[in-house]
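Q: I am new to this structure and would like a close look at a single part of it. Please pick one spot, walk me through it slowly, and then show me what lies around it.

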Amino acid sequence: MQVQKERKPGWKKTDKNGKRFYYNPITKVRSMVDPTGGFAVPDGRALKKSQRTSAFKGRVSRGSSFSGSFSGRARGMSTESMGSIAGGRKRQSINLHNSVIIHEAPTEDRFAKLKALANVDDSHSSIDVDAMASQLEPEEDLSQYDWENWGTQHFNLKKLKRKPVHVDELLRWTNMPIKRALQTMSHPKLDKKAQNSFKYIQMFMGEFTGPASKALPQSEAARAVLKIAIDDSPDELRDEIFCQMLKQVTNNPNPTNELKGWQLIALAVGAFPPGVFFEPFLRRYVDETRGNTRDAEVQKYAQYAKLRLDMSIQAGPRSKVPCDEEIAATLNRKAVSIPVFFVNGQEVKMQAETWTSVGDLKDAVSKLLHINDNAIFCISEVGEDMSEYALPDTERVLDVLSDWEEEYGSYKSPKDIIRNKFVFKLRLFVEIDPTDDAAVDLAYFQAVHDVTDSRYPC
């Protein structure tokens, strides 16, 4: 995900007479107000917005009743209730971190508190996946769920070109392509998909024996495998793909390629869970590898795979193929860094894993700001053309990133791309607990922002 750098506010020449104005890159409004005094008061001449069709139309149609515009959100609010938000009490400082206190700014800049977010140490919001994985308990007794037993029961052992097929051959690594799926598939089309997935697995692990011109880069090969599994595939095909991965890390003569295989397993179990019958077999294989100290790096990825498997089973399969940024982070056992913006353009860096929902991200930001009740807040995706969409709390954050990557790829030229952002903001203006300082402050900041951005009739 690429985030466009914000232009710094400053004085710009506007005409041949040399008249200069202050441009606010957040609200896209021009003003003669000195920028040192805070956000500019508009002179009524807002810059012309993009005429391009919003990239969010497809997302809005997926089920949110929120249109994204704040016009009319204050309907039903009394002057008294708006006043209680906009300054009917003494402003207090926001305590953003146990060790960071934002003091009252000595200037008239009412956005000083939010601007101070840029200096907040948000490292406490990071996700240490290695630490989480190392704390996992060993699985309960899974002795009956041996990998070889699954192969004996489910692998296709019929003769292939009049040659007998032994289960040992199907359970262990090979440098050759497969002529049919390892398991007996219910439909020929699934068998063909299984052959393709094995080819992509070999490409990812650097073991593809076909023409070099047909080999895909590692990231593309990973996406190709995951796409086969995620695109409305039945459990039998997903289990087949897991079997193929286990096959290629069993007795693999190349330690480097074996490690790549475990990287792919960790990536896959976070994107789609196995079927209910194959799950205990996969769990036993992963758990046995976690206890194998022969290769410390393989052990770490097996631990990571165990963590992602547990979370994936709880959260369910992903609806989108992971984007390149997520794939790169997962291959390094890292969470994805997510910048979350506020209405004044300041941002905080949060982190997301495959199981992180929009609600989880909202809770994390609220905890960072010490907001007691975040029910009236939301995470919105906002484009450069100022179109926005309030994301449902149940949506997976990294699925949104994948959506953005698809949208970027649909444009003919990079200059046409709408750069999207996650923005933490109020969804509804209602009565707020006056003791919830952070929530009241953010409501005030957004009210000022919406007025200067012509979102409220004046």
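A: Let's start at Asn 252, where a polar atom of the side chain lies 2.9 Å from the backbone nitrogen of Asn 254. Please keep in mind that this is a predicted model. The side chain of Asn 252 has a second backbone partner: one of its polar atoms lies 2.8 Å from the backbone oxygen of Gln 248. To find the spot along the chain, look in the loop that runs between helix H9 (235-249) and helix H10 (255-271), where Asn 252 has its place.

Is Asn 252 buried or exposed? Its relative accessibility is 9%, and because buried means under 20%, Asn 252 counts as buried. Leaving aside residues up to four places away in sequence, Asn 252 touches Trp 173, Met 205, Glu 207, Asn 257 and Glu 258.

Now step back by one residue. Asn 251 also has its place in the loop between H9 and H10, but Asn 251 is exposed, with a relative accessible area of 55%. Its backbone deserves a look too: Asn 251 is not a glycine, and yet its phi is positive, about 60 degrees. As background, most residues other than glycine have a negative phi.

Going the other way along the chain brings us to Asn 254, whose backbone nitrogen we met as a partner of Asn 252. Asn 254 also caps the N-terminal end of H10, with a side-chain oxygen 2.9 Å from the backbone nitrogen of Thr 256.

That leads into H10 itself. With 17 residues at 1.5 Å a residue, H10 should span 24 Å, and its end C-alpha atoms are 25 Å apart, which agrees. How many residues of H10 are buried? The count is 13 of the 17, so H10 is largely enclosed by the rest of the structure.

One neighbour to look at next is helix H8 (residues 218-230), whose buried residues pack against H9, H10, helix H7 (188-205) and helix H13 (324-331). The buried residues in H8 are Ala 221, Ala 222, Ala 224, Val 225, Leu 226, Ile 228, Ala 229 and Ile 230. For H8 as well, the length fits: its 13 residues should span 18 Å at 1.5 Å a residue, and the end C-alpha atoms are 18 Å apart. After H8 comes Asp 232, which has a positive phi near 50 degrees.

H13 takes us to another turn of the backbone. In the loop between H13 and strand E4 (336-341) you will find Arg 333. Arg 333 has a positive phi near 55 degrees, although it is a residue other than glycine. Arg 333 is buried, with a relative accessible area of 11%.

Further along from H10, have a look at Glu 288 in helix H11 (residues 279-290). A relative accessibility of 46% makes Glu 288 partly exposed. Its side chain makes a polar contact with the side chain of Arg 284, at 2.8 Å. Glu 288 also lies 8.9 Å from Ala 302, C-alpha to C-alpha, while the two are 14 residues apart in sequence.

Helix H12 (residues 296-315) offers both of its ends for comparison. At its start, a side-chain oxygen of Asp 295 reaches to within 3.0 Å of the backbone nitrogen of Glu 297. Just after H12, Gly 316 has a positive phi of about 90 degrees. Between those ends, the 20 residues of H12 should span 28 Å at 1.5 Å a residue, and the 29 Å between its end C-alpha atoms agrees with that.

Finally, here is the whole protein. It has 16 helices and eight strands, and 51% of its 458 residues count as buried. Among contacts with a separation of 6 or more, 68% join residues 24 or more positions apart. The protein exposes about 22,700 Å², with carbon and sulfur atoms supplying 50% of that area.

What about empty space inside? The structure holds one cavity of 30 Å³ or more, and the largest cavity has a volume of about 40 Å³. Its lining consists of Phe 342, Val 343, Phe 424, Lys 425, Leu 426, Leu 442 and Gln 446. The largest share of that lining, three residues, comes from strand E8.

Notes: Residues are numbered from 1 along each chain as its sequence is written. This is a predicted model: local features need pLDDT of at least 70, side-chain atom pairs count only at pLDDT 80 or more; totals for chains, interfaces and linings use all residues. Side-chain values use heavy atoms; hydrogens and water are left out. Helices (H or I, at least four residues) and strands (E, at least two) are DSSP runs, numbered from the N terminus. The expected span of a helix is 1.5 Å times one less than its number of residues. A polar contact is a pair of N or O atoms within 3.5 Å; within protein, one must be able to donate a hydrogen and the other to accept it, and residues adjacent in sequence count only if both atoms are side-chain atoms. Buried means under 20% relative accessible area, exposed over 50%, partly exposed in between (1.4 Å probe, protein chains only). Contact means heavy atoms within 4.5 Å. Accessible areas come from the Shrake-Rupley method with a 1.4 Å probe; for residues, only the protein chains shown count as cover. On a 1 Å grid over the protein atoms alone, a cavity is a set of points where a 1.4 Å probe fits but cannot get out, and a pocket is an open set with protein on both sides within 12 Å along at least five of seven lines; lining residues have an atom within 4 Å of a point. Grid points are joined across faces, edges and corners, and a volume is the space filled by probe spheres set on the points.
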